[in-house]
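I opened the notebook to record what I looked up in this model. The entries follow the order in which I checked things.

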Amino acid sequence: MKERVQKLMAQASVGSRRACEEMIQQGRVKVNGKVIHPGDQADPRLDVIEVDGTKLAFPDEKIYIAFNKPRHVLSTDEPHEGDNRRKVRDFIPMETHLFSAGRLDADSEGLMVLTNDGDLANKLTHPRFRHTKTYKVVVSGLPTQAVLNLWQKGVTIEDEETGESYQTAPCTVIIVEGGSKETTLRIIMTEGKKRQIRRVASILGHPVRSLIRTHIGRLGLGTLRPGEYRELGAGDLAALRRLAEDAPSSKRQMRKMALEASDARRKPARSTRDSAEGGDKPRRKPFRPTRDSAESGDKPRRKPFRPTRDSAEGDDKPRRKPFRPTRDSAEGDDKPRRKPFRPTRDSAEGGDKPRSKPFRPTRDSAEGG
């Protein structure tokens, strides 16, 4: 399968893609004996690729290493003249060239991924792939919510190399532990230029005291101590490619998250009976007093109180319908009848149980039967 030659050169650990493109532009790369141009393609199984007359050898086995970089250790393989500090490669006894998936400055420490897979290293470092990196940062003082919102939305700074101004990409900034002297932050970024966290923190008035990278994607340091490394397995590589759990998946979501965190966006609470009394969760509807609430009852009734006969006499549960007097209730009977009393023959003579229908005389009754 044919691919761009600069990509194949990166896979062969010649250098980064940008460095390989420069070699091609300089005419130092040949395919099957012919000088090529940027963008030309080749098949490593069929074509012979040469750089400065040396045939490229493509490694059969991919190497992936997680390394916990200590402080005052250089990430670059080519330090400035006179800089005798230790380098990352001094801790890893492998002769093959390894790419660094995200560098750290000498004063910072934490997780680095080293690999001979140039394609993976490019995806982990290029901003367009939006792979996340999580940092534990200790800053001086206690940042306000306004400062955190500004940090999350982006701050304008100058590039140290070109001097041009640019705005940092939106990120997530969360206070883990705060204090008047220093504050611990968790910062999740998808783009990080040289000393970006330190420069932004200094501009916002909270200089960095310590900085540790804890995760790349969801791959964490684990039990690695400073200066230790381990090879990654299939599960580690899957975690490496996944975004951090609390990181937004797009710039739009990051901006929305920053705006929602603003105090100006929060709506004032509406006071109710429970909130006025110190309740934790105010009710959704405002309080309306009823009979029970006026008597300090815990749960007010939904409908206002309507007095009846029993409630006037102190009964706890008022009847639903108002009282209507009948014969028995007038005589003190406890349970009034549903229908009013209608006199019949037996009731007029003192019978205990009145008939359902009024008395009608017949022949036998008239004769005394």
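How many bridges join strand 2 to strand 5, and in which sense do the two run? I counted three bridges between strand 2 (residues 29-31) and strand 5 (residues 49-51), and the two run antiparallel. The model is a predicted one. I noted one pair by name: Val31 stands opposite Ile49 in strand 5.

**Entry: the sheet around strands 2 and 5**

I then asked which sheet these strands belong to. Four strands form an open sheet, in the order 3-2-5-6, with antiparallel pairing. The edges are strand 3 (34-35) and strand 6 (54-55), and each pairs on one side only.

I stopped at the loop between strand 5 and strand 6, where Asp52 lies. Its phi is near 55 degrees, a positive value in a residue other than glycine. I noted the background: most residues other than glycine have a negative phi. Is Asp52 buried, partly exposed or exposed? Asp52 has a relative accessible area of 48%, so I filed it as partly exposed.

**Entry: the whole chain**

I stepped back for the totals. The chain has 13 helices and 17 strands. Of its 369 residues, 37% are buried. The exposed area is about 24800 Å², and carbon and sulfur atoms supply 46% of it. I also looked at contacts with a separation of 6 or more: residues 24 or more positions apart account for 58% of them.

**Entry: strand 10 and its partners**

Next I went to strand 10 (residues 133-140). Six of its eight residues are buried, so the rest of the structure largely encloses this strand.

Which strands pair with strand 10? I found strand 14 (residues 182-189), antiparallel, over eight bridges. I also found strand 15 (residues 208-216), antiparallel, over seven bridges.

I wrote down some facing residues:
- Lys133 stands opposite Met189 in strand 14.
- Val138 has Thr184 of strand 14 as its bridge partner.
- Val139 stands opposite Val208 in strand 15.

A reminder for reading such pairs: in a regular strand the side chains alternate between the two faces of the sheet.

**Entry: strand 14 and the hairpin**

Strand 14 is mostly covered too, with six of its eight residues buried. I checked strand 13 (residues 172-177) against it. Five bridges join strand 13 to strand 14, and they run antiparallel. Thr172 has Ile188 in strand 14 as its bridge partner. A hairpin of four residues connects strand 13 to strand 14.

**Entry: into helix 5**

I followed the chain on from strand 14. Arg195 sits in the loop between strand 14 and helix 5. Its phi is positive, about 55 degrees, although Arg195 is not a glycine. At 33% relative accessibility, I counted Arg195 as partly exposed.

Helix 5 covers residues 196-203. Why do I call helix 5 largely enclosed? Six of its eight residues are buried, so the rest of the structure largely encloses it. Those buried in helix 5 are Gln196, Ile197, Arg198, Arg199, Val200 and Ala201. I listed what they pack against: strand 10, helix 4 (145-153), strand 11 (156-158), strand 12 (165-167), strand 14 and strand 15. After helix 5 comes Gly205, with a positive phi near 90 degrees.

Arg198 caught my eye in helix 5. Its relative accessibility is 13%, and the cut-off for buried is under 20%, so Arg198 counts as buried. What does Arg198 touch, leaving out residues up to four places away in sequence? I found Asp105, Asp107, Ser108, Val208 and Leu211. Val208 had already come up as the residue opposite Val139.

**Entry: the cavity**

Last, I looked for enclosed empty space. Rolling a probe the size of a water molecule over the atoms shows where empty space is left. The search of the whole structure gave one cavity of 30 Å³ or more. The largest cavity has a volume of about 50 Å³.

Which residues line the largest cavity? I listed Trp151, Thr168, Ala169, Cys171, Met189, Gln196, Ile197 and Val200. Helix 5 gives the largest share, three residues. By class, the lining has six nonpolar residues, two polar and no charged. I ended on a link to an earlier entry: Met189 lines this cavity and stands opposite Lys133.

Conventions:
Residues numbered from 1 in each chain as written. Predicted model: local features only at pLDDT ≥ 70, side-chain atom pairs only at ≥ 80, totals over all residues. Heavy atoms only, no water. Pairing = 2+ DSSP bridges. 1 Å grid on protein atoms, 1.4 Å probe; cavity = no way out; pocket = protein on both sides within 12 Å on 5 of 7 lines; lining within 4 Å. Points joined across faces, edges and corners; volume = space filled by probe spheres on them. Nonpolar A, V, L, I, M, F, W, Y, C, P; charged D, E, K, R; others polar. Buried < 20%, exposed > 50% of the residue type's maximum accessible area, 1.4 Å probe, protein only. Contact = heavy atoms within 4.5 Å. Areas by Shrake-Rupley, 256 points an atom, 1.4 Å probe, with all protein chains shown as cover.
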